[in-house]
Amino acid sequence: MSGKKAKYDKAYLRIAKEWGQLSYCKRKQVGAIIVKDRMIISDGYNGTPSGFENCCEDDAGLTKWYVLHAEANAISKVARSTQSCEGATLYITLSPCKDCSKLIHQSGIKRVVYHEEYKDCSGIDFLKKAGVEVELIDDLK
């Protein structure tokens, strides 16, 4: 990885990490940034859909089924705009799950850079099989 590319990748991941701190979820705060042509075209964090209460966990402390993942929120924002994810890079603090990986691939995102691995790596495996470039950057300094 070139020095300039690594510098930008880490900066965008730090932005995603900061964005994730806006999440009301107690178990895990995840942030995502979508970048195309060196411009941030969308952002997202995990949370409930618009119009719902900002509580992500039920009384037992489990995540409610309808909580949206950060990357799904970011992709949904693009879908509501005049932008396109075609050829974009997704920066996300936690590697995507298998369901979000399908959305990432279908949206045209060509590269995913993430900071931590999710417990299930099948989403990453799917993205690689689909030809999406995937990279883990665990040092943001």
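**Sheet and helices at a glance**

Strand β1 (residues 31-36) runs antiparallel to β2, and 6 bridges join the two; strands count as paired if DSSP finds at least two bridges between them. Keep in mind that this is a predicted model, where local features need pLDDT of at least 70, side-chain atom pairs count only at pLDDT 80 or more, and totals for chains, interfaces and linings use all residues. Residues are numbered from 1 along each chain as its sequence is written, and side-chain values use heavy atoms, with hydrogens and water left out.

**The sheet**
- Helices (H or I, at least four residues) and strands (E, at least two) are DSSP runs, numbered from the N terminus.
- Five strands make an open sheet with mixed pairing, in the order β2-β1-β3-β4-β5.
- At the edges sit β2 (39-45) and β5 (133-136), each pairing on one side only.
- Within β2, Met39 is the bridge partner of Lys36.

**Helix α1**
- Helix α1 (residues 3-20) has 18 residues, which at 1.5 Å a residue should span 26 Å (1.5 Å times one less than the number of residues); its end C-alpha atoms are 26 Å apart, so that agrees.
- Its buried residues (under 20% relative accessible area, 1.4 Å probe, protein chains only) are Ala6, Asp9, Tyr12, Leu13, Ala16 and Gly20.
- On the other side of α1, Gly3, Lys4, Lys7 and Glu18 are exposed, meaning over 50%.
- The cover over the buried residues of α1 includes β1, β2, β3, β4 (111-116) and β5, with contact meaning heavy atoms within 4.5 Å.
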